[in-house]
Every structure is written in structure tokens, then in C-alpha cells.
Amino acid sequence: MENGLPAAEVTFRTPAAAEAIRQMRAAYPDLLIGAGTVLNREQVDAAVAAGADFIVSPGFNPTTVQYCLVKDVTIIPGVNNPSLVEQAMEMGLRHLKFFPAEQSGGTAMLKALGAVYPVRFMPTGGVTPANLKEYLGLNAVIACGGTWMVPAKLIDEGSRWEELAALVREAVAAL
């Protein structure tokens, strides 16, 4: 937030995810926090209890999507082909993650999907500073996700916060 990005996604690839969300929520109550790589109901419950505003999953799991819908929790499931888009639409979803973006055809695939379906996409997976503007220039794209802003090496070293901040500012400037 201090560097112009009012949203963050914390992935459930580590047991520390829920605690990280909890601490972020306490420190930044206005931050829009997503819980990512959510694969099941238990992770949905942990994310919501920790303070996540929405759920992001890498794939389209109808069981997890239905669980979120019943609990009135916003979910953005991953899709990468027309059949999955249609399944998501059947469940009333209009915001979908496009993953893995580059490996699934990138902007060309999003142009094709966006021409046919009344949904908006959040591409992740291969989005970089070099292609960010191209993705964001598509009408079907509502947001992009990218790990280039938070390289594990800089976080693990713990004292390189200014370098992380610079990467976030660079991404925001690209918008």
C-alpha cells in the first residue's frame, strides 16, 4: 500500500499463509487481501478466518467454488480454456483467473476468450514487466498477478525491503 498497490495475494503454498494474512489485515485494514492457491474447503475457512477478502484458486474445482458461493465468499478460480470458462459461467462467475497465462496462449488466447465470453480475467503465470502492459491493454483483463514483485530471495534475506518496494512501484508505474 505504501508503494501504490492496494491489493496483495498470499498463496497457500506454505503453512504460514493464514498467519501472514492475519498480520497483514491487522497492520493494513484497508488492504485488499486475496488468499491464493486455495485448493479445498479447509483452506477457504482458514483464509476467511484470517481476514482474506477473496479466494483465488489455480484451477476450477466445482466443489471449492460451490463451497465459496454457499458461504458468500468471492472466489476467482483458474481457467485456461473455453470449457472451463463455460463451467464457471454456469455457476454465476464472471471474474476468472487465467492460469498459467503464458503457457496457455497468453494474450492471443485471452483475446479469443474475451471475444466470446462476457467475463473478465486476471492472468497470472508468466506475467512479467515486459508483457504487463500488453495484458492490461485487453478489455477482458481486469487485473494481473505476478511474482516478479516479490522474489523469494529478497524476502528470505529480510533486509531488502526497499528493493521490494521499488519492484512494486515499478509495477504500479507500468499501469
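Student: Looking at this predicted model, which residues of helix 8 are buried?

Tutor: In helix 8 the buried residues are Leu-164, Ala-165, Leu-167, Val-168 and Ala-171.

Student: How do you know on which side of helix 8 they lie?

Tutor: They cover an arc of only 160° around the axis, so they sit on the same side of helix 8. The face turned away from that buried side carries Glu-162 and Ala-173, which are exposed. Among the elements covering the buried residues are helix 6 (132–136) and helix 7 (152–157).

Student: What span should helix 8 have, and how far apart are its ends?

Tutor: Helix 8 has 14 residues, 161–174, and at 1.5 Å a residue it should span 20 Å. Its end C-alpha atoms are 20 Å apart, so the two values agree.

Student: Good, now to the strands. What makes strand 4 count as mostly covered?

Tutor: Five of the five residues in strand 4 (residues 75–79) are buried. Ile-75, Pro-77 and Val-79 point one way, while Ile-76 and Gly-78 point the other way.

Student: Why would side chains split between two directions like that?

Tutor: Because in a regular strand the side chains alternate between the two faces of the sheet.

Student: How do you know that strand 3 and strand 4 pair, and in which sense do they run?

Tutor: Pairing takes at least two bridges, and three join strand 3 (residues 54–57) to strand 4, running parallel. One pair of bridge partners is Ser-57 and Pro-77 of strand 4. With helix 3 (residues 62–70), these two strands make a right-handed β-α-β unit.

Student: What about strand 4 and strand 5: how many bridges do they have?

Tutor: Strand 4 pairs with strand 5 (residues 95–98) over two bridges, in the parallel sense, and the required number is at least two. Val-79 has Phe-98 in strand 5 as its bridge partner. From strand 4 the chain crosses through helix 4 (residues 82–90) to strand 5, and this β-α-β crossover is right-handed.

Student: Leu-93 lies in the loop between helix 4 and strand 5. Why is Leu-93 called buried or exposed?

Tutor: Buried means under 20% relative accessible area; Leu-93 has 7%, so it is buried. Beyond its neighbours within four places in sequence, Leu-93 is in contact with Phe-60, Val-65, Leu-69, Ile-75, Pro-77, Ala-88 and Val-119.

Student: Which residues touch the most other members of the largest nonpolar core?

Tutor: In that core of 43 residues, they are Phe-12, Ile-21, Ala-35, Ile-55, Val-85, Leu-96 and Phe-121. Leaving out residues up to four places away in sequence, Ala-35 touches residues including Phe-12, Ile-21, Phe-54 and Ile-55.

Note on methods. Residues numbered from 1 in each chain as written. Predicted model: local features only at pLDDT ≥ 70, side-chain atom pairs only at ≥ 80, totals over all residues. Heavy atoms only, no water. Helix = DSSP H or I, 4+ residues; strand = E, 2+ residues; numbered from the N terminus. Expected span 1.5 Å × (residues − 1). Buried < 20%, exposed > 50% of the residue type's maximum accessible area, 1.4 Å probe, protein only. Arc of directions from axis to C-beta. Contact = heavy atoms within 4.5 Å. Right-handed = clockwise from strand over helix to strand, strands pointing away. Core = buried A, V, L, I, M, F, W, Y, C linked by side-chain atoms within 4.5 Å.
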